[in-house]
Amino acid sequence: MAIVPIYEFPHEVLRKKARKVKKLDDSIHRIADDLIDTMQNAQGVGLAANQIGILKRIIAIQLPEEDPRIYINPEIIAKEGEREVPEACLSVPGYTGIITRSIWVKAKAWDREWKDVRIRADGLLAQALEHEIDHLNGILYMDHLSEHQKLQKVEPETNLEEIQEED
Ligand code: NI
């Protein structure tokens with residue numbers, strides 16, 4: 001387990017598509033542990049493997065007051081609605097923006113025991129799933145900005161979490 005560097009925009013690894021994990025072995029558990037340690041150290045809500053330079057479809061998510069979750073090969077299988085939410089990313093430090101996300105999503109994935117999991121989520125979990133699965137496809141949140149919207153700079157002393165919760 002280790003805290004590892006987070007790659008920042010415009011590093012090309014953030015624009016690559018991650019590959020499916022085909023079997024669960026120790027190397028996958030190590031990546032999962034590094035994702036959790038690095039996410040927690042950065043006080044983020046989520047982290048995708050691309051962000052630590054690994055092109056495998058693995059994400060970590062940790063909601064406030066909850067245990068960290070690992071999802072392997074996660075996929076959005078249904079989503080509905082639109083809402084505007086403030087968002088930020090550990091790979092784009094110092095900025096935030098308002099973007100459109102779904103009201104709820106359904107996703108499927110494998111967990112660390114290679115068990116099939118289905119997740120129906122709204123609120124911050126839905127936003128985090130969309131954000132982190134985007135990372136696996138080389139998409140960054142500012143790609144969802146409308147034309148009239150801009151990224152805002154945040155003060156360096158602001159303790160910004162990767163994804164801010166809606167008020
Ligand atoms: Ni991010």
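Here are some short exercises on the structure above, each with a worked solution.

This is a predicted model, in which local features need pLDDT of at least 70 and side-chain atom pairs count only at pLDDT 80 or more, while totals for chains, interfaces and linings use all residues. Residues are numbered from 1 along each chain as its sequence is written, and side-chain values use heavy atoms, with hydrogens and water left out.

**Exercise 1. Work out the strand order in the open sheet of five strands, and find its edge strands.**

Solution. Begin with the vocabulary: strands (E, at least two residues) and helices (H or I, at least four) are DSSP runs, numbered from the N terminus. Two strands pair if DSSP finds at least two bridges between them.

Step 1. Start at β1, which is joined to β2 by three bridges in the antiparallel sense. Ala48 stands opposite Ile59 in β2 here.

Step 2. Go on from β2 to β3 (residues 69–80), an antiparallel pair with four bridges. Ala60 has Ile70 in β3 as its bridge partner.

Step 3. From β3, six bridges lead to β6, again antiparallel. Ile72 is partnered by Trp110 of β6.

Step 4. Put together, the order is β1-β2-β3-β6-β7, with antiparallel pairing. β1 (46–48) and β7 are the edge strands, each pairing on one side only. Direction ignored, neighbouring strands of this sheet are turned by 40° against each other on average.

**Exercise 2. Describe how helices α1 and α2 lie on this five-stranded sheet.**

Solution. Contact means heavy atoms within 4.5 Å. Axes are lines fitted to C-alpha atoms, for helices over the stretch in contact, and angles run from 0 to 180 degrees between N-to-C directions.

Step 1. Take α1 (residues 26–41): this helix lies across β1, β2 and β3, at about 35° to β2.

Step 2. Now take α2, which touches β1, β2, β3, β6 and β7 and whose direction makes about 155° with that of β2.

**Exercise 3. Which strands stand at the edges of the three-stranded sheet, and what does Gln149 touch?**

Solution. Step 1. The open sheet has the order β4-β5-β8, with antiparallel pairing. β4 (83–87) and β8 (152–153) are at the edges with a single partner strand each, so one side of each is left without a neighbour in the sheet.

Step 2. Five bridges join β4 to β5 (residues 95–101), and Glu84 stands opposite Thr100 in β5. Helix α2 packs on this sheet too, touching β4 and β5 at about 70° to the direction of β4.

Step 3. Find Gln149 in the loop between α2 and β8. Its relative accessibility is 16%, so Gln149 counts as buried (under 20% relative accessible area; exposed is over 50%, partly exposed in between, with a 1.4 Å probe and protein chains only). Leaving aside neighbours within four places in sequence, Gln149 is in contact with Glu84 and Ile98.

**Exercise 4. Find which elements build the largest nonpolar core.**

Solution. A nonpolar core is a set of buried Ala, Val, Leu, Ile, Met, Phe, Trp, Tyr and Cys residues joined through side-chain atoms within 4.5 Å.

Step 1. The largest core has 20 residues, and those touching the most other members are Ile59, Ile61, Tyr71, Ile119, Ala121, Leu125 and Leu129.

Step 2. At least two residues each come from β2 (58–61), β6 (104–110), β7 (116–122) and α2 (123–136). The largest share, seven residues, is that of α2.

Step 3. Apart from this core lies another, of 15 residues, among them Ile31, Ala32, Ile70 and Leu90.

**Exercise 5. Are the rings of Trp110 and Trp114 stacked or edge-to-face?**

Solution. Step 1. Rings of Phe, Tyr and Trp (its six-membered ring) pair if their centres lie within 6.5 Å; planes under 30 degrees apart count as stacked, over 60 as edge-to-face and the rest as tilted.

Step 2. A search of the whole structure finds one aromatic pair. The centres of the Trp110 and Trp114 rings are 5.5 Å apart and the planes are at 20°, so the pair is stacked.

Step 3. Check accessibility: Trp110 is at 30% and counts as partly exposed, and Trp114, at 30%, counts as partly exposed. Glu113, in the loop between β6 and β7, counts as exposed at 57%.
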